[in-house]
Amino acid sequence: MTLTNKIAIGTSCLGQSLIHNLSDKIHSAASAGFQGLEIVYGDLERYCTSRNVSMVTAAQQIRQLVDNLGLEILSLAPFENFEGNTKTPLTERLKIASHWLDLARILGAPYLQIPSQYDANNSTTDESVIVSEMQQLSDLAASSSPVIKLAYEPLSWGVVYSTWDDALRLVNLVNRDDFGLCVDTFHELTKLWASSFEKSGVYPDGPERLSSSLWRFVETIPIEKVFYVQLSDAERFDPPFSKSHEWYIEGEAPEFTWSKHARPFPLEKEFGAYTPVLDVVRAWIVEAGFKGWVSMEIFDWRMRDADYGIGTAAERGWKSWGMVKEGAGVHGGDGNVKLQL
C-alpha cells in the first residue's frame, strides 16, 4: 500500500544554527519536494529580528513567500507549558495565546501545536483545572475567523499526558470539535520501546508494550481526532546514556535530552537511527486509515553547525520520506511488533 498523505517538514529540521535563516529553509523545503511547513515560532522570531520588522509583518512576509512557492503552512509550533501552569496566571497565558493565534491566522496555519505540559515544578496534575484551561483556550481559538484548531501532542516526558491514550482522554474531556491530537513517533517509541540507558537500546518489555499500544490505537482511535502525524527516529546511545555524558543535565528528563539532540530523520541508520518507526507508521497511518498530513520533526545535533547546509537537511528529509513510503507496506518491522497489515 502506497502512502498518499501530504508531507510537511518543521522549519527547525532544516538547520539549528542561528545563522540558518527561515527564508532559506522555506526555499530548500520547496526545492526538495515538500508540500507543507510547520513554522517554528523561534524561527519566525529570528526572521523578525534580522529584518527589523514586527512579528505581524514577518508573518505576512513568510505567508507571501510560502504562497509564491506553492507550499502550505500546516502549523505554528510549539506553544509550550500552557495547561496547568502554576507560575503564570491564566489571563496572562491566554493573552500570549491570543498573540500566537493571531500569527497563525496571518500565516494561514490551520493548527496551533501544543506539546503536553512538562514543567513538573510549575504545574498542577489536577485534571479538572487542565480541562477547564484547555476548554478556554479552545474557545479562544474558535472565537475569530478562521478558527484555529489545537493539535495536542503527548510528549514522552509529559507530566500528566505522555501517551496518546492519556492525551485522547484529555481530548474527550475537553470535548471541543477543534481540539485534537498530534501524534509523534519519537514520543511513542521513547515512552514504550526505546531506552537510552539499556545497552540494547530497548526496554526489556518494549516490544510487548509497543505492540499493545499500536493495536489499541488501530482498534480504538477516533481517526477524525488525529489532526496530523509527526515522524522522527532516535539515535541509539552507544555507550548508554549516563551522568557523565556531555548532554546530561541534572533534573532534565532523559527523553527530553534525547529529543533535543538525537532525533534523526526516520530510518537514517547512518546517523544512528534504530527504532521500529515503520511499525508505528503501519499502525497509525496504514491500518488506522489516516489520510491527513504527515510531518517530519527532527532535532539533529549535527545541524547546529553553522556550516551545515540547509539544502542537505531538506534532501535528507525527502530521502527519508521515500524510505518510509517504500517500507510502509512491508510486513514485520524491526521492532518485533509484527503487525499483520
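Visitor: In which loop does proline 239 lie?

Guide: In this predicted model, proline 239 sits in the loop between β7 (226–231) and α9. The peptide bond that leads into this residue from aspartate 238 is cis, with omega near 5°.

Visitor: Which residues form the cis peptide bond with omega near -5°?

Guide: That bond runs from serine 145 to proline 146. Proline 146 is placed in the loop between α5 and β5. A further backbone feature concerns asparagine 52, whose phi is positive, about 55°, although the residue is not a glycine. Asparagine 52 belongs to the loop between α2 and α3 (55–68).

Visitor: How should the pairing of the strands be read, parallel or antiparallel?

Guide: Strands of a sheet pair through backbone hydrogen bonds, in either the parallel or the antiparallel sense. Here the pairing is parallel, and eight strands close into a barrel in the order β1-β2-β3-β4-β5-β6-β7-β9. On average, neighbouring strands of this sheet are turned by 30° against each other, direction ignored.

Visitor: Over how many bridges do strand β2 and strand β3 pair?

Guide: Strand β2 (residues 36–40) is joined to strand β3 (residues 72–77) over five bridges, in the parallel sense. Within this pair, leucine 37 has isoleucine 73 of β3 as its bridge partner. Helix α5 (residues 127–141) packs on the sheet and touches β4 (111–115), β5 (149–153) and β6 (179–184). The direction of α5 makes about 145° with that of β5.

Visitor: At what angle do helix α8 and helix α10 pack?

Guide: Two packed helices are described by the angle between their axes and by the distance between those axes. For helix α8 (residues 206–220) and helix α10 (residues 277–287) the angle is about 10°, and the axes are 9 Å apart. Because angles under 35 degrees count as roughly parallel, α8 is roughly parallel to α10.

Visitor: Which residues make this contact?

Guide: From α8 come Leu210, Leu214, Phe217 and Val218, while α10 supplies Asp279, Val280, Ala283, Trp284 and Glu287. By class, the contact of α8 with α10 has seven nonpolar, no polar and two charged residues.

Visitor: How many cavities of 30 Å³ or more does the structure hold?

Guide: Rolling a probe the size of a water molecule over the atoms shows where empty space is left. The structure holds two cavities of 30 Å³ or more, and the largest has a volume of about 80 Å³. Its lining includes Pro154, Trp164, His187 and Trp284. The elements that give two or more residues to this lining are β6 and α7 (185–192), and α7 gives the most, with four residues. By class, the lining of the largest cavity has five nonpolar, three polar and three charged residues.

Visitor: Which residues lie nearest the centre of the largest pocket?

Guide: They are Ser12, Pro78, Glu80, Glu297 and Phe299, out of 32 lining residues. The largest pocket has a volume of about 630 Å³. Two or more lining residues come from each of β2, α2 (41–51), β4 and α9 (254–261), and the largest share, four residues, comes from α2. The lining divides into 13 nonpolar, nine polar and ten charged residues.

Visitor: How much space lies in the second largest pocket?

Guide: About 190 Å³ lies there. Of the 13 residues that line the second largest pocket, Glu80, Asn81, Asn85, Arg93 and Ile96 lie nearest its centre. Five of the lining residues are nonpolar, four polar and four charged.

How values were computed:
Residues numbered from 1 in each chain as written. Predicted model: local features only at pLDDT ≥ 70, side-chain atom pairs only at ≥ 80, totals over all residues. Heavy atoms only, no water. Pairing = 2+ DSSP bridges. Axes fitted to C-alpha atoms, helices over the stretch in contact; angles between N-to-C directions. Contact = heavy atoms within 4.5 Å. 1 Å grid on protein atoms, 1.4 Å probe; cavity = no way out; pocket = protein on both sides within 12 Å on 5 of 7 lines; lining within 4 Å. Points joined across faces, edges and corners; volume = space filled by probe spheres on them. Nonpolar A, V, L, I, M, F, W, Y, C, P; charged D, E, K, R; others polar. Parallel < 35°, antiparallel > 145°, perpendicular 65-115°, else oblique.
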